[in-house]
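Subject: Structure for your review

Hello,

Here is the structure you should have in hand before we next talk. My notes on it follow below.

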Amino acid sequence: RRPHGPLQRYYGPSTAEAAEAAPDPTDINGPHFDPEVFMTKVRNECPLGQLLAREAALGREIRALDSDMQTLLYENYNKFISATDTIRKMKVDFRHMEAEMDDLAANMAAISASSARVSAALQDRHRRGAQLAGVQALLRKLQALVEVPGRLRCWAGTEPARALRCHARARAVLRHYRHLPSFRAIEDESHAIMADLARRLRTRLRCEKLDPKELTECVEMLLQLEEPAEELSEEFLSQAGARLEAELAALEAELPAADPSGAATTPPPPASDILDFVDRGSSAFVGTLCQLAGSYRTLFGEDTGRLEPFAAALATRYFELLERRLALERGLGDTSLLVRALDRFHRRLRALLELLPAGADAAAAVVARAARERVDRYLRALQTFFLGCLGDVRQALAAPRPPGKEGPGLPDLLATLAASVLGQLKAVLAYVQLFTARDVAFASLPYFKGEFCVTAVREGLVVAFVRWLCRTARGFADGPAERGAPAAPPALLLLLARLCLDYENSTISYILTLTDEQFPPLDSGPAVTPGPALCAEARAAAQRLLDHYVQVQGAAVAQMLRKSVETRDWLGTVEPRNVRAVMKRVVEDITAIDVQVGQLFEEGVRRAQSSDSSRRAFSVYSSSRAPGRYAPSYTPSAPMDTHLLSNIQKLFSERIDIFSPVEFNKVSVLTGIIKISLKTLLECVRLRTLGRFGLQQVQVDGHYLQLYLWRFASDERVVQGLLDEVAASAAHRCLDPVPMEHSVVELICERG
Amino acid sequence: MEDDAPVIYGLEFQARALTPQTAETDAIRFLVGTQSLRYDNQIHIIDFDDENNIINKNVLLHQVGEIWHISTSPADKGVLATCYNKTSDTKVMTCAAVWRMPKELESGSHESPDDSSSNTQTLELLCHLDNTAHGNMACVMWEPMGDGKKIISLADNNVLLWDLEESSAKAVLSSSAALEGKGQLKFTSGRWSPHHNCTQIATANDTTVRGWDIRSMRQIYCIENAHGQLVRDLDFNPNKQYYLASCGDDCKVKFWDTRNVTEPVKTLEEHSHWVWNVRYNHSHDQLILTGSSDSRVILSNMVSISSEPFGHMVDDDELSDQEDQHQEEKIKEPLQDSVIATYEEHEDSVYAVEWSSADPWLFASLSYDGRLVINRVPRALKYHILL
């Protein structure tokens with residue numbers, strides 16, 4: 001219960017506890033204190049010392065309380081006395097005041113009586129004054145009416161607006177009193193003047209080029225002259241239309257003529273940049289359109305049945321013009337300029353869109369299309385860039401090295417390639433980000449918030465680029481190897497494999513994170529390609545490339561071995577004194593490949609080796625083993641034994657897949673190449689018939705390969721096993737199988 | 001009894017040459033030629049008793065040398081041709097000869113294996129194909145469905161057409177053609193097309209596949225770089241006259257339409273080492289058999305480029321109602337190409353695979369260590385194709 005203490009204190013004691021606490025008579029401060037019980041308790045429970053102490057304490061407390069009480073008494077006594085004095089003083093003052101109030105009431109009554117008298121005396125004169133003022137006003141009005149025609153005539157020429165105002169004021173009165181002949185004459189006259197004015201205004205409306213303000217004024221006046229609104233609105237629109245057409249024509253004049261024959265002739269670069277164009281378009285055309293539409297609304301009310309199609313048609317033409325202009329923006333140009341232009345376009349259009357809601361979608365579509373188009377162009381530019389980089393790499397690989405001077409190493413090339421591609425991608429993202437910058441108005445469109453980020457940038461640019469990269473890389477492995485087209489150099493395959501692998505390991509997730517940061521996708525947005533799917537693609541491409549690399553390099557070495565076996569006369573050969581040159585070449589080539597692969601790939605794990613795998617120990621190992629392998633196959637009486645032996649050996653060794661996928665490390669790659677080479681040697685030897693020295697040559701060659709190749713392979717037993725098979729097959733294919741003394745073989749190999 | 005289990009037969013010697021007894025259409029019989037440099041070589045006649053799953057063998061001695069290629073006459077069960085190595089101390093020459101086996105072995109004798117091994121018999125030499133002027137013989141082909149009078153042999157860079165006269169006792173070279181070009185050209189393999197009245201053959205040398213018209217002895221088509229590396233073997237589709245399969249050292253099997261040789265129609269990449277042999281099934285050309293030095297035999301179902309891309313068509317006269325047929329065709333989707341089975345009974349490189357001439361559902365494969373394995377097409381697939 002303890003831990004709940006604070007909580008209980010907060011919520012007050014529970015009822016149960018209150019009931020329990022209430023009747024505690026020993027609480028000296030409690031309401032139920034019972035001195036008897038307390039005393040009994042104390043007497044019973046406390047030892048003498050404590051009792052004495054308690055008594056002293058109680059005495060002290062009582063004394064303190066007594067003195068406190070006395071102090072309080074004194075203080076309160078003083079206050080009571082001063083209060084009594086105050087009350088007494090108040091009683092005296094009130095009696096005074098009553099008398100003065102009575103005086104005041106009497107005076108007030110006298111004042112009101114005299115005031116009544118004065119006003120009665122003045123009333124008559126006041127009425128007459130008012131009457132006179134009325135007559136005066138009437139007369140002035142009449143005067144004005146009489147003057148109306150004259151004024152109208154005077155103003156109609158120069159200040160039609162003033163004339164109108166004047167006429168409007170007079171009209172109601174004139175109409176009211178038209179039964180009086182004099183008024184009638186005035187009315188007729190002014191009517192005639194106004195009709196004349198109307199006629200003049202109409203001519204002006206029809207034939208003159210008015211700027212929008214004048215046009216509005218003119219139509220407004222005509223409306224006030226009660227000309228038919230229907231007809232006027234039509235006139236207004238046709239006049240406005242002519243003006244807007246002229247502006248559109250001016251814009252169009254800047255565009256190269258639409259050439260139906262197509263893109264054969266590239267139009268010359270437009271004279272002004274896009275920002276300028278949009279600027280002019282928006283200030284001239286959009287401004288005027290807005291102004292006119294606004295005037296139309298104020299003039300002809302909210303009924304926009306006629307205005308909307310009119311404005312929509314014009315806006316559509318404007319959009320078309322703009323799109324044509326945007327289409328001229330080929331190449332990459334300056335994206336910030338484009339963004340600013342689009343932004344201005346969108347901002348200026350917003351005013352128009354308030355009047356014309358239907359155009360909003362079209363305008364947004366124009367902007368979105370332009371943005372999308374730009375992103376697509378960036379994708380193409382990226383692809384071109386990548387191909388350019390690849391071209392550079394190929395060139396660097398193919399460039400003849402001056403002797404003694406190493407060209408740029410593969411890691412450098414890879415780093416340059418990866419860095420420049422990534423840098424370019426980042427730069428492109430930065431450019432594209434301008435489209436969604438906060439200060440750009442259209443960035444707040446739902447399209448730019450959601451779909452643009454996801455569909456256009458993430459999927460359309462980033463994902464598409466990575467996919468394309470993987471596909472292109474794969475293309476080097478899939479395409480040209482067939483049918484003898486110029487194949488990619490092996491180093492390039494290796495480089496691309498590493499690049500794809502790096503993409504799978506880190507670059508893709510980095511790029512995607514970067515993209516998602518810069519272009520945050522909406523939760524409800526369309527589904528995106530997940531990173532792992534891309535990674536898988538990159539990995540597949542890397543695997544394909546590396547496998548292809550192994551096959552190409554393996555095939556090169558194998559071809560060398562095959563030719564060397566096929567072209568040699570194995571029957572008539574002389575006793576071997578040397579390792580054949582081709583074997584040295586094979587070892588050299590494989591060492592070169594090892595260096596090449598080692599530049600880009602990790603070492604990889606070898607199968608756990610026995611401690612005797614060092615070179616010297618290895619040869620001991622093989623020599624101790626070799627007789628066991630060779631001996632039975634040379635005992636002529638037992639042809640079955642060899643089979644039995646090799647079959648038993650095979651039972652315990654794993655099946656070796658020659659052209660199998662390799663892992664992403666040096667050892668695995670090298671093992672793959674060595675397997676392909678040695679298997680080729682095996683198959684080729686089996687197709688030949690060897691003489692005694694032929695066999696011995698194979699023996700020497702095999703031993704030499706064993707000496708130098710085991711350290712490249714992940715499992716030296718693979719090399720050992722294949723070479724054993726070569727030796728066994730050679731023995732089978734030999735007419736006179738007398739093997740060379742092992743020490744001699746070793747000696748020849750040592751000698752090189 | 002497990003009916004689909006493979007039957008394995010072991011030879012004492014290494015072997016590369018395998019052929020069905022082409023003229024035999026009732027009994028399942030294969031001929032295997034051995035390779036041994038130090039002992040007398042043999043031809044094993046393997047009789048397979050399908051019902052009891054028993055193998056009977058007869059052994060013929062082939063004393064002239066190790067056998068690199070063997071083929072049997074399509075007309076006479078007793079006649080066969082071999083390519084063999086004749087070795088002297090300094091030289092190896094591959095020759096070819098036509099042989100006749102003893103009469104009693106032609107249609108298989110059902111002796112017990114123990115007896116037959118004791119009394120081995122010898123082949124009777126009919127004639128040599130004289131190749132002294134032409135080089136090493138790579139293979140001998142019989143005219144398919146012919147009367148066993150015409151054979152073609154490939155010797156180094158020559159195509160040689162022979163007529164067998166006087167009941168095969170004499171081989172007369174009737175025409176020949178030589179492949180000219182830079183370098184040392186050498187045919188590795190060839191097949192005689194069963195189409196066009198047997199007037200075409202196809203040969204392989206290095207990475208190239210060539211077609212020849214044997215009437216004019218001229219080249220009629222040429223697939224340059226058919227494979228990335230050496231082409232090892234060819235076969236004609238028995239039912240589609242322009243279709244050809246090839247295989248080679250790039251581990252691929254490719255299918256060609258000889259009318260358009262720029263691109264293969266299909267490519268299979270299932271093996272993990274050189275593919276030495278490719279064979280169409282004689283009756284159901286969607287079944288493709290390949291043998292490879294990765295010690296595997298793969299049976300593939302290439303329905304999409306077979307003569308029955310929609311499965312087995314029922315003949316019109318078997319159908320009572322035409323409308324039924326229409327409905328049936330609609331239901332049948334084009335089948336998918338697939339690998340049916342991979343056979344891993346071999347432990348050494350497989351250099352030869354052959355379908356039986358008698359039973360279309362049965363095939364044999366031979367690996368270098370002398371192991372012959374007889375397998376059947378899986379039953380489910382067999383019924384799927386038939387029904």
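I will start with one residue in chain B. The side chain of Thr207(B) is in polar contact with the side chain of Asn225(B), at 3.3 Å. Please keep in mind throughout that this is a predicted model. Thr207(B) sits in the loop between strand 16 (200-205) and strand 17 (208-213) of chain B. With a relative accessibility of 12%, Thr207(B) falls under the 20% cut-off, so this loop residue counts as buried. Leaving out residues up to four places away in sequence, Thr207(B) touches Ile223(B), Glu224(B), Asn225(B), Ala226(B), His227(B), Gly228(B), Gln229(B), Leu230(B) and Val231(B).

A second buried polar residue in chain B is Asn158(B), with a relative accessibility of 11%. Asn158(B) belongs to strand 13 (residues 158-165) of chain B. A polar atom of the Asn158(B) side chain lies 3.1 Å from the backbone oxygen of His134(B). His134(B) is also on the contact list of Asn158(B), together with Ser153(B), Ala177(B), Ala178(B) and Phe187(B), when neighbours within four places in sequence are set aside. As for Asn136(B), its C-alpha atom is 9.6 Å from that of Asn158(B), and the two residues are 22 apart along the chain.

Next, the salt bridges. Over all chains the structure holds 33 of them.

In chain B, Glu24(B) pairs with Arg29(B), and their closest N and O atoms are 3.1 Å apart. Are these two residues buried or exposed? Glu24(B) is buried at 4% relative accessibility, and Arg29(B) is buried at 3%.

Arg100(B) and Asp76(B) form another salt bridge in chain B, with 2.9 Å from N to O. Arg100(B) is in strand 8 (residues 92-100), while Asp76(B) is in the loop between strand 6 (66-72) and strand 7 (79-87), so this pair ties together parts that are 24 residues apart in sequence. Arg100(B) is buried, with a relative accessible area of 19%, whereas Asp76(B), at 25%, is partly exposed. Chain B also has a network in which salt bridges with shared partners join Glu24(B), Arg29(B), Asp47(B) and Lys77(B).

For chain A, I noted the salt bridge between Asp589(A) and Arg585(A), where the closest N and O atoms are 3.6 Å apart. Both residues lie in helix 17 (residues 581-600) of chain A, four residues apart, which is about one turn of the helix. Asp589(A) is partly exposed at 23% relative accessibility, and Arg585(A) is partly exposed at 43%.

Some overall values for chain A may help to place that helix. Chain A has 23 helices and zero strands. Of its 752 residues, 41% count as buried. The accessible surface of chain A is about 41400 Å², and carbon and sulfur atoms account for 58% of that. Among chain A contacts between residues at least 6 apart in sequence, 82% join residues at least 24 apart.

That leaves the interface. The size of an interface is often given as the accessible area lost when the parts come together. Between chain A and chain B the buried area is about 3400 Å², with 45% from carbon and sulfur atoms. The contact involves 32 residues of chain A and 49 residues of chain B.

Which polar links cross from one chain to the other? There are two salt bridges between chain A and chain B, and nine residue pairs are in polar contact across the interface, both residues of each pair being at pLDDT 80 or more. One of the salt bridges joins the side chains of Arg733(A) and Glu66(B), at 2.5 Å from N to O. On the side of chain A that touches chain B, helix 16 (531-567), helix 19 (639-652), helix 20 (666-686) and helix 22 (716-732) each supply at least two residues. Helix 19 gives the most to that side, with six residues. By residue type, the side of chain A that touches chain B divides into 14 nonpolar, eight polar and ten charged residues.

Regards

Terms used:
Residues numbered from 1 in each chain as written. Chains lettered and ligands numbered in written order. Predicted model: local features only at pLDDT ≥ 70, side-chain atom pairs only at ≥ 80, totals over all residues. Heavy atoms only, no water. Buried < 20%, exposed > 50% of the residue type's maximum accessible area, 1.4 Å probe, protein only. Contact = heavy atoms within 4.5 Å. Areas by Shrake-Rupley, 256 points an atom, 1.4 Å probe, with all protein chains shown as cover. Buried area = accessible area lost by both parts, 1.4 Å probe. Salt bridge = Lys/Arg side-chain N within 4 Å of Asp/Glu carboxyl O. Polar contact = N/O pair within 3.5 Å; in protein donor to acceptor, adjacent residues only side chain to side chain. Nonpolar A, V, L, I, M, F, W, Y, C, P; charged D, E, K, R; others polar.
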